[in-house]
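The exercises below concern one protein chain. Work through each task with the sequence and structure at hand before reading the solution.

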Amino acid sequence: MMSPVFGYCAQSLMTVYVMKGQLKALWNVPTAKAWRVALEQWLRHAHQSGIPSLMHFAKCLKSPYMPEDDGLKIAYERLQEQIADLAN
């Protein structure tokens, strides 16, 4: 029989593993608007997970990448240009 503590740890580890993959997938989002929507969803899921370290990471990630103006679109487009330059 599995202990409740082990079950909680296994579930938390799986949650973090899945969310890591989702965060990596943000690099392939085609537009700045879609990227922002996906990031907001990821941040919401991180908070809802109840995992303290994941919640803290999401809080740190949110502040620099969630400006309220068009700076996000410009930053995203520059990032995509830099990625394209590296690929060539």
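**Exercise 1. Locate Y17 and state whether Y17 is buried or exposed.**

Step 1. Y17 lies in helix α1, which spans residues 4-25. Helices (H or I, at least four residues) and strands (E, at least two) are DSSP runs, numbered from the N terminus.

Step 2. The model is predicted: local features need pLDDT of at least 70, side-chain atom pairs count only at pLDDT 80 or more, and totals for chains, interfaces and linings use all residues. Residues are numbered from 1 along each chain as its sequence is written, and side-chain values use heavy atoms, with hydrogens and water left out.

Step 3. Y17 counts as exposed because its relative accessibility is 58%. Buried means under 20% relative accessible area, exposed over 50%, and partly exposed in between (1.4 Å probe, protein chains only).

Step 4. Together with M14 and V18, Y17 forms a nonpolar surface patch of about 330 Å² accessible area. Patches take residues with over 30% relative accessible area and no salt bridge, joining like charges within 9 Å and nonpolar side chains (Val, Leu, Ile, Met, Phe, Trp, Tyr) within 5 Å. Accessible areas come from the Shrake-Rupley method with a 1.4 Å probe; for residues, only the protein chains shown count as cover.

**Exercise 2. Identify the elements of the chain and the helix that gives the most to the largest nonpolar core.**

Step 1. The chain has 4 helices and 0 strands, in the order α-α-α-α from the N terminus.

Step 2. Of the 88 residues, 20% are buried.

Step 3. The largest nonpolar core has 12 residues, among them M19, W35, W42 and L61. Such a core is a set of buried Ala, Val, Leu, Ile, Met, Phe, Trp, Tyr and Cys residues joined through side-chain atoms within 4.5 Å.

Step 4. Helices α2 (32-49) and α3 (52-65) each supply at least two residues of this core, and α2 gives the most, with 5 residues.

Step 5. Helix α2 also has the highest mean pLDDT among the elements (89), while α4 (residues 71-87) has the lowest (68). pLDDT is the predictor's confidence in each residue, from 0 to 100.

**Exercise 3. Describe the salt bridge between R36 and E40.**

Step 1. The whole structure holds 1 salt bridge, defined as a side-chain nitrogen of Lys or Arg within 4 Å of a carboxyl oxygen of Asp or Glu.

Step 2. In the R36-E40 pair, the closest N and O atoms are 3.1 Å apart.

Step 3. Because R36 and E40 are 4 residues apart in helix α2, about one helical turn separates them.

Step 4. R36 counts as buried at 19% relative accessibility, whereas E40 counts as partly exposed at 31%.
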